[in-house]
Structure formats: C-alpha cells, structure tokens
Amino acid sequence: MGPLLYPAPPDEPRFIFERTITNSSDIEHDTSDDTLRRLVTGGQKGGYFLTKPYAVAVHKGRIYVSDSADRAIKVFDVPSGKYFTIGDSEPGMLAKPLGLDVDRAGRVYVADSTQKMIFIYDRDGKFLRKIGGNELFDRISSVTVDPGGRRIYVVDIGGVKSENHRIRVFETATGRHVMDIGKRGSGPGEFNLPRDMAIGKEGRLYVVDGGNFRVQIFNADGTYRDSFGSVGRQLGNFARPKEIATDPDGNVYVADAAFGNFQVFNPDGELLMFVGSRSERGGPGEYILPSGIAIDDDGRVYFVDQWFAKIDIFRPYHLPADQGYLVYRPGRTTTK
C-alpha cells in the first residue's frame, strides 16, 4: 500500500499523510541503555497518552496540545525527542484548557473556559501572566495572538441566554481592552456561537461563526469584509465547524466535526480541497470528532481528533520528509 495522498490520484497531490501522535513514546527516542533494558526484561515502551485533546499549536517543531481531561498542555518537542507538560502546577495552573496559540517568539496563550482566563507562558512553560475574569467573558472557547504577540483575540462564544457572542481584543503587554468585534445575530458581522479565529493574509481575521454555519472575514481593524459557507452536506458547506487556521500562503483551513475532515479555502473563501473522512476505525486520515487544527511555517498540517485522542500530521507534498522543523535532530538539547 502506497502513501496516503490528498487529493488522491489522478489529481496532483498537495499533501501526504506523514504520521500520527497519540503519546510521548511517538516522539521520544531511546538511548542504547533503554533498548538493551527492554530486550533483557521484555518490557514494553511506555508513554504519556493524550486523553481528550482539543486544540493544537506549533512552534519550530514543538507541538502544544490542550488536554481538557488532564487539565494541562501536553508538549511534544520533536526535534529534541522530549515530552513535558504545562499548566498542571502553580503558578499558572489550568482547570479546563481549550483553545491555544503561540506567537513568533514561542510564547504560549491558553484559553481556560472554567477560569475564564487567558494564561500566558514562555516557550518552555514558565507562567508569565493571565488576562480575564468573570467580568470580561461569558464563555470563552479560543484565543488567537498576532504573530508579534502584541494583541490577543479571545472568542467569547456566549450561549443561548447570552447576547455576548463576540471577539474581545486586548493588548498583550498591559491587558487593556482595545475593542470588540461582532454581536449576537445572523447579519454581516454578527455571530451565533462563534468558535475560533485565525489571522491570515494582509492581517485579515477569519472567524468560525458556528451557529450561522459560515466563516466571516474582517479587516485588521475589525471592520466586516465578507463571509463564506452555509449549512449543508456538500463540499464548501459546514455542519459543525470547529477550529480554523491559515497557512503561509493565506489559505484557510476549517475543521468540521460532523464531516470528519478539514476543508481548505483560498483567502477569499473559494474551496480548494478537503482532507479526511468520517470513520469508526481511526486510521490515518479517519476521524469521528475532529476539533483542533494548526499549520506550521513549513506548511505541515496538524489535525486533532478528540474521539481517537490523536494528532494526524500532513506534510506538503513538495516538502521532503527530512526537511523543515519537524525532524528529530540527535544531540539537540532542550531547556525543559
């Protein structure tokens, strides 16, 4: 059986399935002593497993995954072959981490839905500060930071009894509230249960408007620009859109929990392709409850499925397997 290509032949492939990560042993590398010990004792290689992963973010080969069941961020550092956790001790202890993001410097931003706070850590998990509280949010689901780390965009999903379906924007350094984007409704620039946001080409803001089954596009200053998508079962439609990401070319990737895939659109919302299918087997490219999605600087796609507790990774077809950040480099040290 050959590699999984997307789209499948005879179309020209754009992505190739690369690997699945379910636990720390998938990225950790044994020493010769470890290998010998297992040969002598007959022991199995163990690992720390994902329990209920939700969102994913990536910085230079280091994969951050929010695990709401284990109340922590699980970190898979592929280049160094190391695993560690963030937010499972004070200061900066998490209660229910959901959305997360990283900035260009590698700082990690986590949306905690129980504490209604955005927690900020450095690249190695040192707690820096937090922003938020009951007076600022109703029910947060995700956080997005601009590449320079200057502004934080928090999705307040609201609820049936809440009118606060919006994006709240803050200065990272001071925590000062800058502006809000959107309000409850179904018109242009209005939201019904927004889920996630990504920043794309020319600073455009792409927001998953879950209850209205669409993605809305805003200019960098928060003014409404356009939207795409509608409820349905066809390609280009949405059923249960969850998280969103953009690639280095500005293309937009939307995870859909009902379809069991992610769809790829150009910056203006024209459908380009889709990856994945709904299946109870859970093999490569097969999903029941996908949620988080991220794209790294090399164009690799990281796709989370909550049901199968895994991350599937897809590599751009033109990128050799031994190129880019997601490569184990023996001898590299890590600060954690």
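Biologist: What share of the 336 residues in the chain is buried?

Modeller: In this predicted model, buried residues make up 54% of the 336 residues. A residue is called buried when its relative accessible area is under 20%.

Biologist: Why is Val-65 called buried?

Modeller: Val-65 has a relative accessibility of 0%. The cut-off is under 20%, so Val-65 counts as buried. Val-65 lies in strand β4, which covers residues 62-67.

Biologist: Which residues does Val-65 touch, leaving aside residues up to four places away in sequence?

Modeller: Contact requires heavy atoms within 4.5 Å. The residues that Val-65 touches include Leu-50, Pro-53, Phe-76, Leu-100 and Ile-311. Another residue to consider is Gly-292: 227 residues separate Val-65 from Gly-292 in sequence, and their C-alpha atoms are 8.8 Å apart in space.

Biologist: What makes strand β20 largely enclosed by the rest of the structure?

Modeller: Strand β20 consists of residues 252-256, and five of its five residues are buried, so the strand is largely enclosed by the rest of the structure.

Biologist: Which residues of β20 point one way, and which the other way?

Modeller: Val-252, Val-254 and Asp-256 point one way, while Tyr-253 and Ala-255 point the other way; all are buried. In a regular strand, side chains alternate between the two faces of the sheet.

Biologist: How do you know that β19 and β20 pair?

Modeller: Two strands pair if at least two bridges are found between them. Strand β19, residues 241-246, has four bridges with β20, in the antiparallel sense; therefore the two count as paired. Within this pairing, Ala-245 stands opposite Tyr-253. The hairpin of β19 and β20 has five residues between the strands, and Gly-250 takes a positive phi near 90° there.

Biologist: What makes β20 and β21 a pair?

Modeller: The same cut-off of at least two bridges applies. Strand β21, residues 261-265, pairs with β20 in the antiparallel sense over five bridges, so the requirement is met. The bridge partner of Val-252 in β21 is Phe-265. Here the hairpin has four residues between the strands, and Gly-260 in the turn has a positive phi of about 70°.

Biologist: How do you know that the chain is as compact as a globular protein of that length?

Modeller: The secondary structure of the chain comprises one helix and 27 strands. The radius of gyration is 20 Å, close to the 20 Å that the globule rule gives for 336 residues, so the chain is as compact as a globular protein of that length. Along the principal axes, the C-alpha trace spans about 65 × 55 × 35 Å.

Methods
Residues numbered from 1 in each chain as written. Predicted model: local features only at pLDDT ≥ 70, side-chain atom pairs only at ≥ 80, totals over all residues. Heavy atoms only, no water. Rg over C-alpha atoms; globule rule 2.2 N^0.38 Å. Buried < 20%, exposed > 50% of the residue type's maximum accessible area, 1.4 Å probe, protein only.
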